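The exercises below are meant to be worked with the sequence and the structure side by side. Try each task before reading the solution that follows it.

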Amino acid sequence: MRVISLVPSWTETLVRCGVDVVGRTRYCIHPTDQLASIPIVGGTKDWDWPAIKALQPDLILLDREENARFMTEQTDFAWHATHVKSIADVTKETRRLAGLLKSPHLDELADRWARIASAPTAAWASVQRLPGLIEWGRKPTGPIDTILYVIWQGPWKAVSRDTFIGSILSAVGLEIPTFEEAYPTINLDSYDPATTLLLFASEPYPFLEKKAILADLPFPHAFVDGEAFCWYGIRALEFLEANQLT
């Protein structure tokens, strides 16, 4: 099947599994060496409809959390929308895609996700073993009671445990709070700098470019690989297989 994927994490996964991806978004950047020849047809919230029509796909792949609703309203081409909010969801959705695309490689990935989902987890081992670490801004000097996974500044926004990112963090022993919203605005003044660790994700906000400013914060903090925690295809799977605590 000729597939246009408008979901970056699925694009990477499908290409690596040998699926015929004929169109992608500008945010689909992995695997770099294989994407150069695949046309860009827009972003995750917009598209170049004439370019899509010219490619005549058999399927347009979407995700409910990432793509705009209007993309499901066209009737020229078949579409499929995944919905990933946890490790259990990605296991189910990978299996569904395997059947839809008749891909034994996706079936194998679903089996690997199922093993991850059933594996026991343990508490975060130590500062020396922080999964997804790019670099420390300031290491903790004492026990940590609260971990906040921060995705935005101005205002500060974090991630709740009840998200895909939250389930990945939990799987590697990093428990974050549960909030009423999936991606709440937070007030750092409400947290104790002595016992709170901030994890600054490398995406979607460019925290790595703000290291000098963030150094003024009184909190211990680290810069972590945002793609490893939120790209729910093969990238997060390989990250978990390398880092899950048992």
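**Exercise 1. Starting from Val3, trace the pairing around strand β3.**

Solution. In this predicted model, begin at Val3, which stands opposite Leu59 in β3. This position belongs to the pairing of strand β1, residues 2-5, with β3, which runs in the parallel sense over 3 bridges. Next, move along β3 to Leu61, whose bridge partner in β4 is His80. Here again the strands run parallel, with 4 bridges joining β3 to β4, residues 79-82.

**Exercise 2. Decide which way the residues of β3 point, and whether they are buried or exposed.**

Solution. First sort the residues by direction: Leu59, Leu61 and Asp63 point one way from the strand, while Ile60 and Leu62 point the other way. Then apply the cut-off, by which a residue counts as buried when its relative accessible area is under 20%. By this test 5 of the 5 residues of β3, which spans 59-63, are buried, and the strand is mostly covered. The buried set includes Asp63 as well as the leucines and Ile60.

**Exercise 3. Establish the strand order of the open sheet of 5 strands, and find its edges.**

Solution. Reading across the sheet, the order is β5-β9-β8-β6-β7, and the pairing is mixed. The edge strands are therefore β5 (133-138) and β7 (157-158), because each of them pairs on one side only. Within the sheet, β8 (residues 196-201) and β9 (residues 221-224) run parallel and are joined by 4 bridges, and Leu198 has His221 as its bridge partner in β9.

**Exercise 4. Locate Pro155 and classify its exposure.**

Solution. Pro155 is found in the loop that lies between β6 (146-152) and β7. Its relative accessible area is 43%, so Pro155 is classed as partly exposed. For a sense of distance, take Gly99, which is 56 residues apart from Pro155 along the chain: the C-alpha atoms of the two are separated by 42 Å.

**Exercise 5. Which residues have the most contacts inside the largest nonpolar core?**

Solution. The largest nonpolar core has 51 residues, and those with the most contacts inside it are Trp113, Tyr149 and Leu199. Apart from this core lies another, of 15 residues, among them Ala158, Leu198, Phe219 and Phe223. Returning to Trp113, and leaving aside residues up to four places away in sequence, its contacts include Ile87, Val90, Phe164, Ile168, Tyr232 and Leu240. As general background, nonpolar side chains in soluble globular proteins tend to be buried together.

Terms used. Residues are numbered from 1 along each chain as its sequence is written. This is a predicted model: local features need pLDDT of at least 70, side-chain atom pairs count only at pLDDT 80 or more; totals for chains, interfaces and linings use all residues. Side-chain values use heavy atoms; hydrogens and water are left out. Two strands pair if DSSP finds at least two bridges between them. Helices (H or I, at least four residues) and strands (E, at least two) are DSSP runs, numbered from the N terminus. Buried means under 20% relative accessible area, exposed over 50%, partly exposed in between (1.4 Å probe, protein chains only). A nonpolar core is a set of buried Ala, Val, Leu, Ile, Met, Phe, Trp, Tyr and Cys residues joined through side-chain atoms within 4.5 Å. Contact means heavy atoms within 4.5 Å.
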